[in-house]
Amino acid sequence: MSWWAWYISLQDPRRGDKLPLERDTRIQYDWAELTKGGRNGFYLVVLALSWWRTLLKTDAEKLCFKNAASEITWALHQMVRALRSTTNSPKKRKGREEER
């Protein structure tokens, strides 16, 4: 399985199953597979990408890698945005205020 095929399998199906993946910022995608903690989440995606980088030889491979790096950068920004909106929701804030 290629890195891309594996990465796509971790995505919310609404992002599609072909490159380029959908990047609609109006949609709140499900990032559950990538936001897993420990070695099975986003860390593993970045680690695999770093291994891939060590094997680059041709310009085509370098371009493919650059596209992958751009994709995971976008995904990370979206995951942070989603986590912030979850932690800043009125329900969550109320719970934190009651703890004080």
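Reader: What makes D17 and K18 count as a salt bridge?

Author: A salt bridge is a side-chain nitrogen of Lys or Arg within 4 Å of a carboxyl oxygen of Asp or Glu. The closest N and O atoms of D17 and K18 are 3.6 Å apart, so the pair meets the definition. Both residues are exposed, where exposed means over 50% relative accessible area, buried means under 20%, and partly exposed lies in between (1.4 Å probe, protein chains only). The model is a predicted one, in which local features need pLDDT of at least 70 and side-chain atom pairs count only at pLDDT 80 or more, while totals for chains, interfaces and linings use all residues. Residues are numbered from 1 along each chain as its sequence is written, and side-chain values use heavy atoms, with hydrogens and water left out.

Reader: How many salt bridges does the structure hold, and how do you know that R14 and D12 form one?

Author: There are 6 salt bridges in the structure. The side chains of R14 and D12 meet at 2.7 Å, N to O, and this value falls within the cut-off, so the name applies. The two partners sit in unlike surroundings: R14, with 47% relative accessibility, counts as partly exposed, whereas D12, with a relative accessible area of 7%, is buried.

Reader: Why is the salt bridge of E71 and R15 said to tie together parts of the chain?

Author: The N to O distance between the side chains of E71 and R15 is 2.7 Å. E71 lies in helix 3 and R15 in the loop between helix 1 and helix 2, so the bridge joins parts that are 56 residues apart in sequence. Helices here are DSSP runs (H or I, at least four residues), numbered from the N terminus. R15, R23 and E71 are also linked in a network of salt bridges.

Reader: Are E71 and R15 called buried or exposed, and why?

Author: E71 has 4% relative accessibility and counts as buried, and R15, at 2%, counts as buried too. Contact means heavy atoms within 4.5 Å, and, not counting residues up to four places away in sequence, E71 touches W4, Y7, Q11, R15, L21 and R23.

Reader: What makes R15 count as lying over the face of Y29?

Author: A charge sits over a ring if NZ of Lys or CZ of Arg is within 6 Å of the ring centre and within 35 degrees of the ring normal. R15 is placed over the face of Y29 at 5.7 Å from the ring centre, so the distance part of the rule is met.

Reader: How many aromatic pairs are there, and why is the pair of W3 and Y7 called stacked?

Author: Rings of Phe, Tyr and Trp (its six-membered ring) pair if their centres lie within 6.5 Å, and planes under 30 degrees apart count as stacked, over 60 as edge-to-face and the rest as tilted. By this rule the count is 8 aromatic pairs. The centres of W3 and Y7 are 4.9 Å apart and the planes stand at 10°, so this pair is stacked. W3 and Y7 are 4 residues apart in helix 1 (residues 3-9), which puts about one helical turn between them.

Reader: Why is the pair of W4 and Y7 called edge-to-face?

Author: The ring centres of W4 and Y7 are 6.1 Å apart and the planes are at 85°, so the pair is edge-to-face. W4 and Y7 are both buried, and ring pairs link W3, W4, Y7, W52 and F65 into a cluster.

Reader: What makes a set of residues a nonpolar core, and which elements give to the largest one?

Author: A nonpolar core is a set of buried Ala, Val, Leu, Ile, Met, Phe, Trp, Tyr and Cys residues joined through side-chain atoms within 4.5 Å. The largest here has 21 residues, and W3, Y7, L34 and W52 have the most contacts inside it. Helix 1, helix 2 (42-53) and helix 3 each give two or more residues, with helix 3 giving the most, 6 residues. Outside its neighbours within four places in sequence, W3 is in contact with V45, A48, L49, W52, A68 and I72.

Reader: How do you know that the reach of helix 3 is close to the expected one?

Author: The expected span of a helix is 1.5 Å times one less than its number of residues. Helix 3 has 29 residues and reaches 42 Å from its first C-alpha to its last, close to the expected 42 Å. Its buried residues, among them F65, A68, E71 and I72, pack against helix 1 and helix 2.
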